[in-house]
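Work through the exercises below with the sequence and the model at hand. Each task is followed by a solution in steps.

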Amino acid sequence: MVDIEIDKESGFCFGVVTAIRKAEEELVGSDCLYCLGDIVHNSAEVERLRDKGLVTITHGDLSGLRNAKVLLRAHGEPPETYRIARDNGIEIIDATCPVVLRLQQRIKAQYDSHGDSCQIVIYGKIGHAEVNGLVGQTAGKAIVVEDPGDLDKIDYNRDIALYSQTTKSLEGFRAIIEILQKRISPDARFEYFDTICRQVANRVGHLRTFVRGKDVILFVAGAKSSNGKVLFNHCRAENPRTYLLGTPEELQADWISDACSIGICGATSTPRWLMEQIADKAAQIVS
């Protein structure tokens, strides 16, 4: 008999859990609730909530909306979003993750106290919703770096304050710190602040252990999930027979036909119910 195990630590982080709970609570007494951007980077969960009445809108849509109710997802938003909401009579249901909110406040305080005398650098994915919210705390002046190749954007003769998107890897953050320490001018000041969420970062070590003991790993994540891509690559580095899929329909029989043990895990944006569906599909294939 094939052993199929779902990783107990995989699935939504607490910020996503809170956002989805707030959406579901609001939808109980409302015919329609708008959400600014996908509530989570998982199309299956977005579709489930759409069926309950959650309507995903863009920032362009927000500008034309009046007297409505809009949920802000866990990623957070820049100050401009709140201004538009006030001007348009929009009621905000704020589901910004507390970890992200504290980071926004720290960056804003740094910018307000130092202005242009200090370069604020954010290690994160350019264009990511959380990063856009962080950059917004600096009137758009923060420098975003995705990897060492972006570090030429920085003036090393001026002070630098480095922060990180909450879901980036600790290894990548430390690599950026090391390079900046070597490049910074002796006359300039370099400070860095570890703002990575440990609930997310600690999953890497756990997953590495989980996947080693399985013949095959089915890693479940949405195509838009940055966290999913990072965790999938960590899993595949430990277990080459790791496959990425977003729905039960994507599961291929030849991936698991000779397996005695199958592990199922996922990103912080992957719902538990979806991993359970994939476990059921795998059980049908190998039975």
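**Exercise 1. The cavity**

Task: In this predicted model, determine how many cavities of 30 Å³ or more are counted, and describe the lining of the largest cavity.

Solution.
Step 1. The count comes to one cavity of 30 Å³ or more.
Step 2. The space in the largest cavity is about 320 Å³. Its lining has 24 residues, and those closest to the centre are Cys13, Val16, His75, Thr167 and Thr268.
Step 3. Assign the lining to helices. At least two residues each come from H1, helix H5 (98-114), helix H8 (198-201) and H10. H1 supplies the largest share, which is three residues.
Step 4. Sort the lining by residue class: 11 residues are nonpolar, 12 are polar and one is charged.

**Exercise 2. The pocket**

Task: State the volume of the largest pocket, list the residues that line it, and find which helix gives the most to this lining.

Solution.
Step 1. The volume of the largest pocket is about 180 Å³.
Step 2. The lining of the largest pocket consists of Tyr123, Lys125, Glu146, Gln165, Thr167, Lys168, Ser169, Ser226, Asn227 and Val230.
Step 3. Helix H10, residues 226-238, gives the most to this lining, with three residues.
Step 4. By class, the lining of the largest pocket has two nonpolar, five polar and three charged residues.
Step 5. Look for links with Exercise 1. Thr167 is in the list for the pocket, and Thr167 is also among the residues closest to the centre of the largest cavity. H10 likewise supplies at least two residues of the cavity lining.

**Exercise 3. Helix pairs**

Task: Classify the helix pairs H1 and H2, H5 and H6, and H9 and H10 by the angle between their axes, and give the hand of each crossing.

Solution.
Step 1. Begin with helix H1 (residues 14-28) and helix H2 (residues 43-50), whose axes come within 11 Å and cross at roughly 15°. H1 is therefore roughly parallel to H2, since angles under 35 degrees are placed in that class. The crossing of H1 and H2 is right-handed.
Step 2. For H5 and H6, the axes come within 8 Å and the crossing angle is roughly 30°. The two helices are therefore roughly parallel to each other. H5 and H6 cross in a right-handed sense.
Step 3. For helix H9 (residues 203-212) and H10, the axes come within 9 Å and cross at roughly 40°. H9 is therefore oblique to H10. The crossing of H9 and H10 is right-handed.

**Exercise 4. Positive phi**

Task: Locate Asn67 and Ala139 in the chain, give phi for Asn67 and for Ala139, and decide whether each residue is buried or exposed.

Solution.
Step 1. Recall the background: most residues other than glycine have a negative phi.
Step 2. Asn67 is not a glycine, yet its phi is positive, about 50°. Asn67 sits in the loop between helix H3 (59-63) and strand E4 (69-72). With a relative accessible area of 67%, Asn67 is exposed.
Step 3. Ala139, again a residue other than glycine, has a positive phi near 55°. The loop that holds Ala139 runs between helix H6 (129-136) and strand E7 (143-145). Ala139 has a relative accessible area of 58% and is exposed.

**Exercise 5. Accessibility and separation**

Task: Place Lys52, Thr96 and Gln284 in the secondary structure, assign Lys52, Thr96 and Gln284 to an accessibility class, and give one C-alpha separation for each.

Solution.
Step 1. Lys52 is in the loop between H2 and strand E3 (54-57). A relative accessible area of 44% makes Lys52 partly exposed. Lys52 and Ala23 are 29 residues apart along the chain, and their C-alpha atoms are 9.6 Å apart.
Step 2. Thr96 lies in the loop between strand E5 (91-94) and H5. Its relative accessibility is 11%, so Thr96 counts as buried. Between Thr96 and Ser257, 161 residues apart in sequence, the C-alpha distance is 43 Å.
Step 3. Gln284 belongs to helix H12 (residues 272-286). With a relative accessible area of 57%, Gln284 is exposed. Gln284 is 65 residues from Phe219 in sequence and 18 Å from Phe219 in space, C-alpha to C-alpha.

Technical notes:
Residues numbered from 1 in each chain as written. Predicted model: local features only at pLDDT ≥ 70, side-chain atom pairs only at ≥ 80, totals over all residues. Heavy atoms only, no water. 1 Å grid on protein atoms, 1.4 Å probe; cavity = no way out; pocket = protein on both sides within 12 Å on 5 of 7 lines; lining within 4 Å. Points joined across faces, edges and corners; volume = space filled by probe spheres on them. Helix = DSSP H or I, 4+ residues; strand = E, 2+ residues; numbered from the N terminus. Nonpolar A, V, L, I, M, F, W, Y, C, P; charged D, E, K, R; others polar. Buried < 20%, exposed > 50% of the residue type's maximum accessible area, 1.4 Å probe, protein only. Axes fitted to C-alpha atoms, helices over the stretch in contact; angles between N-to-C directions. Parallel < 35°, antiparallel > 145°, perpendicular 65-115°, else oblique. Left-handed = near helix turned anticlockwise from the far one by under 90°.
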